[in-house]
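Trainee: I am new to this structure and would like to go through it step by step. Could we look at it together?
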Amino acid sequence: MLRCPKCNSEDIQFTSSTTSKGVSVRNSCCGYILLGPLGLLCGLHKAGETSTSEFWVCRNCGARFGDYEANSSSLSEQSSDVNWRLRDVSQEYEDQTNQLKAEYPKYKNANRLMTIGAGIIVLAVFTILTGLLPVAIVVGLIGLIILLMGMGREEKIFNEIASPELKSLRKQKEVLEEKKREIEEKKKELKDKSGLR
């Protein structure tokens with residue numbers, strides 16, 4: 001729901017205003033100075049042209065604002081809500097996962113395997129810096145294989161021993177993370193449309 005960025009009221013109305021240009025005294029004077037009496041006609045340039053501006057008006061406080069402000073306020077509110085929920089769900093998920101690791105050594109071992117694989121990949125990167133590219137490639141592949149084995153084992157063990165509540169938390173976390181990405185994309189799209197940087 002769109003809200004007023006000033007007072008946060010939902011009682012807003014979309015309005016458009018049309019203005020038309022009249023004779024420009026400034027252009028007429030400049031034209032007269034440069035071209036003489038015939039220059040007075042310069043004041044008629046763009047006379048009668050109309051321009052329409054569209055904006056939102058808050059019925060509560062009277063603030064006027066554009067689409068960007070109206071939608072930005074709504075997206076910020078959604079983003080804040082998703083971030084709070086994601087923080088809570090992530091914390092609960094992490095707590096239960098840590099408890100699972102403590103209770104089941106196989107799960108902890110799979111996690112260790114992933115850590116070892118990641119460490120070997122980091123070692124491969126440092127090996128590249130020493131100029132031993134063939135060695136770095138072999139070490140990097142070994143690290144990647146170990147990391148993937150650990151990830152596969154962790155997922156398999158998780159599916160076997162995790163409670164339905166923990167699986168539900170994992171799913172909620174994934175859904176909230178996706179929603180957060182969507183909101184960020186909408187914010188970026190809205191900013192691009194409005195021409196802001």
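The questions and answers below go from the overall fold to the core and then to the surface.

Trainee: In what order do the elements of the protein run from the N terminus on?
Mentor: Please keep in mind that this is a predicted model. The protein has five helices and three strands, and, read from the N terminus on, its elements follow the order β-α-β-β-α-α-α-α.

Trainee: Which helix gives the most to the largest nonpolar core?
Mentor: The largest nonpolar core has 16 residues, and Y93, L100, Y107, F158, L166 and L176 are those with the most contacts inside it. At least two residues of this core come from each of α2 (67-103), α3 (105-129), α4 (133-161) and α5 (164-194). With six residues, the helix that gives the most to this core is α2.

Trainee: With which residues is L100 in contact, leaving aside its neighbours within four places in sequence?
Mentor: L100 is among the residues with the most contacts inside the largest core. Once its neighbours within four places in sequence are left aside, L100 is in contact with Y107, F158, I161, A162 and L166.

Trainee: Does I128 count as buried, partly exposed or exposed?
Mentor: I128, found in helix α3, helps to make a nonpolar surface patch of about 640 Å² together with L133, I137, L141, L144, L148 and M151. The largest share of that patch, six residues, comes from α4. Because buried means under 20% relative accessible area and exposed means over 50%, I128, at 46% relative accessibility, counts as partly exposed.

Note on methods:
Residues numbered from 1 in each chain as written. Predicted model: local features only at pLDDT ≥ 70, side-chain atom pairs only at ≥ 80, totals over all residues. Heavy atoms only, no water. Core = buried A, V, L, I, M, F, W, Y, C linked by side-chain atoms within 4.5 Å. Buried < 20%, exposed > 50% of the residue type's maximum accessible area, 1.4 Å probe, protein only. Helix = DSSP H or I, 4+ residues; strand = E, 2+ residues; numbered from the N terminus. Contact = heavy atoms within 4.5 Å. Patch = residues over 30% accessible without salt bridge, like charges linked within 9 Å, V, L, I, M, F, W, Y side chains within 5 Å. Areas by Shrake-Rupley, 256 points an atom, 1.4 Å probe, with all protein chains shown as cover. Salt bridge = Lys/Arg side-chain N within 4 Å of Asp/Glu carboxyl O.
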